[in-house]
Amino acid sequence: MTEALRQFNERRRHAFGGMADRWRALPRWQRWLAVLAGIAFLYYLPFLGDIPGTNLIIPGLDWFRTDSIAGGSNWAGVLFVCALYVLVAIGLNVVIGLAGLLDLGYVGFYAVGAYSVALFGSTQSPVVQSLQRQFGLSEEWAVAWAVCIPIALAFSLVAGVLLGWPTLRLRGDYLAIVTLGFGEIIRIVAKNSGWAGQAQGVAGIPGPEGPPSADNTVFGLLKIEPWYWLALTVVLLMVLLVRRLEHSRVGRSWLAIREDEDAAAVMGVYPFKFKLWAFAIGAALGGLSGLLFASRSTFIQPETFNVQLSILFVAMVVVGGSGNMAGVALGAFLLAYLPERFRDFSEYRVLAFGLALVLIMLLRPQGLLPSRRRTRELQDRAKEAAVNVA
């Protein structure tokens with residue numbers, strides 16, 4: 001059984017490696033054309049299965065739509081959640097995949113971004129109402145949604161630095177436990193603080209067109225396609241920025257720290273500084289995704305940001321392939337889409353999810369689309385283990 005599994009993984013590795021080599025061998029203009037075609041397809045996804053403006057159905061493609069089955073969810077809404085989770089996975093991949101820091105409390109940054117736009121952008125938030133009374137402002141006054149974006153990013157960055165400064169000298173399981181506690185602290189503080197709305201949460205969270213209203217023409221309550229396109233645009237921009245960062249001096253320092261922190265320090269890399277950079281950048285992306293989530297839902301409450309959601313975020317990175325941006329995006333899409341597609345089997349979804357994780361860890365411990373560096377690491381460890389046993 002072990003030998004058959006090893007041969008299966010070897011054949012799969014060669015197949016994926018051959019595809020990657022053929023892709024890199026293509027001329028640059030062909031690769032750019034393929035990338036642009038893929039981006040156009042992503043923007044077309046809300047219309048998958050039908051031709052826009054007509055009643056024509058494309059045979060076979062409508063299977064992917066979750067609203068094509070009984071009890072299914074809105075297809076554009078599912079796509080928005082997928083894009084949101086991809087953005088979360090990209091941010092968490094900076095922390096786990098590149099810097100090698102196990103963060104189990106990433107949902108805390110997600111909550112900080114959501115509460116930033118809720119507390120400063122909603123006229124129903126205790127913070128805005130207090131400012132209205134203190135400065136004699138009108139009852140309709142609130143911070144504009146565009147201004148809430150840098151506020152959310154700033155608060156998320158500060159939260160990442162405040163968490164990382166005293167804890168990043170820890171390693172492994174100790175760091176994981178501390179970050180897990182951070183996520184729970186954020187949820188409990190929001191649940192018990194009057195200025196955060198307590199357990200009732202905050203409603204009336206604005207979007208790009210202002211407070212939620214039936215008069216909103218683009219980012220309305222029922223038309224979800226613009227929300228998906230907005231989230232997808234943010235994802236593409238963040239992919240570009242993180243990719244450039246990964247191939248910079250900072251990215252190479254992260255990889256050196258992940259490989260061997262002591263050796264990196266000897267070679268002149270200051271581990272604490274670059275780990276703090278990773279925490280801050282990952283926190284900013286988590287806060288940005290939380291802002292989009294709160295703006296779309298128009299209402300948040302503390303119980304939304306529980307530890308199960310944080311574990312789901314980590315599972316996206318592990319299942320997709322830690323260290324590979326395409327892999328973590330695939331993992332995020334699958335873990336967001338498949339539960340909605342098979343909602344008819346809701347009683348067994350948790351069991352199926354657990355079995356799928358076990359099978360992936362047995363068959364593909366490096367993830368569905370692992371980075372080439374991560375694959376080599378696992379191979380070297382397997383060889384070392386075999387030598388030690390012998």
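## Close-up views of a predicted model

**View 1. Phe342 and its nonpolar neighbours.** At 36% relative accessibility, Phe342 counts as partly exposed. This is a predicted model, and here we look at the loop between α13 and α14 (349-363), where Phe342 is found. Together with Leu338, Phe345, Tyr348, Leu351 and Leu355, Phe342 makes a nonpolar surface patch of about 620 Å².

**View 2. The whole chain, for orientation.** Before moving on, it helps to step back: the protein chain has 15 helices and 2 strands. Of its 390 residues, 43% count as buried. Among contacts in the chain with a separation of 6 or more, 71% are between residues 24 or more positions apart. The accessible surface comes to about 20400 Å², and carbon and sulfur atoms account for 66% of that area.

**View 3. Helix α8 and the helices around it.** Helix α8 runs over residues 225-246, which makes 22 residues. From first C-alpha to last it reaches 31 Å, close to the 32 Å expected at 1.5 Å a residue. Which residues of α8 are buried? They are Pro226, Trp227, Tyr228, Ala231, Leu232, Val234, Val235, Met238, Val242 and Glu246. These buried residues pack against α2 (28-44), α3 (75-98), α9 (249-259), α11 (271-297) and α13 (325-341).

**View 4. A salt bridge within α8.** Stay with α8 and find Glu246, which forms a salt bridge with Arg243; their closest N and O atoms are 3.4 Å apart. Both residues lie in helix α8, 3 residues apart, about one turn of the helix. Is Glu246 buried or exposed? Glu246 counts as buried because its relative accessibility is 13%, and the cut-off for buried is under 20%. Its partner Arg243 is partly exposed, with a relative accessible area of 34%.

**View 5. Arg171 and Glu261, a link across the chain.** A search of the whole structure finds 8 salt bridges. One of them joins the side chains of Arg171 and Glu261, at 3.5 Å from N to O. This pair links distant parts of the chain, 90 residues apart: Arg171 sits in the loop between α6 (145-167) and α7 (172-192), while Glu261 belongs to helix α10 (residues 261-266). Arg171 counts as partly exposed at 43% relative accessibility, whereas Glu261 counts as buried at 18%. Take in the surroundings too: Arg171, Glu261, Asp262 and Lys275 are linked in a network of salt bridges.

**View 6. Arg258 meets Glu259.** Here the side chains of Arg258 and Glu259 meet in a salt bridge, 3.5 Å from N to O. Arg258 is buried, with a relative accessible area of 19%. Glu259, on the other hand, counts as partly exposed at 44% relative accessibility.

**View 7. Phe47 in the loop between α2 and α3.** The place of Phe47 is in the loop between these two helices. Phe47 is partly exposed, with a relative accessible area of 25%. For a sense of scale, find Trp75: its C-alpha atom and that of Phe47 are separated by 8.9 Å, and the two residues are 28 apart along the chain.

**View 8. Two buried cysteines.** How many disulfides does the structure hold? The count is 0. A disulfide is a covalent bond between the sulfur atoms of two cysteines. Cys82 counts as buried at 4% relative accessibility, and Cys148 is also buried, with a relative accessible area of 0%.

Definitions and conventions: Residues numbered from 1 in each chain as written. Predicted model: local features only at pLDDT ≥ 70, side-chain atom pairs only at ≥ 80, totals over all residues. Heavy atoms only, no water. Helix = DSSP H or I, 4+ residues; strand = E, 2+ residues; numbered from the N terminus. Expected span 1.5 Å × (residues − 1). Buried < 20%, exposed > 50% of the residue type's maximum accessible area, 1.4 Å probe, protein only. Contact = heavy atoms within 4.5 Å. Disulfide = S-S within 2.5 Å. Patch = residues over 30% accessible without salt bridge, like charges linked within 9 Å, V, L, I, M, F, W, Y side chains within 5 Å. Areas by Shrake-Rupley, 256 points an atom, 1.4 Å probe, with all protein chains shown as cover. Salt bridge = Lys/Arg side-chain N within 4 Å of Asp/Glu carboxyl O.
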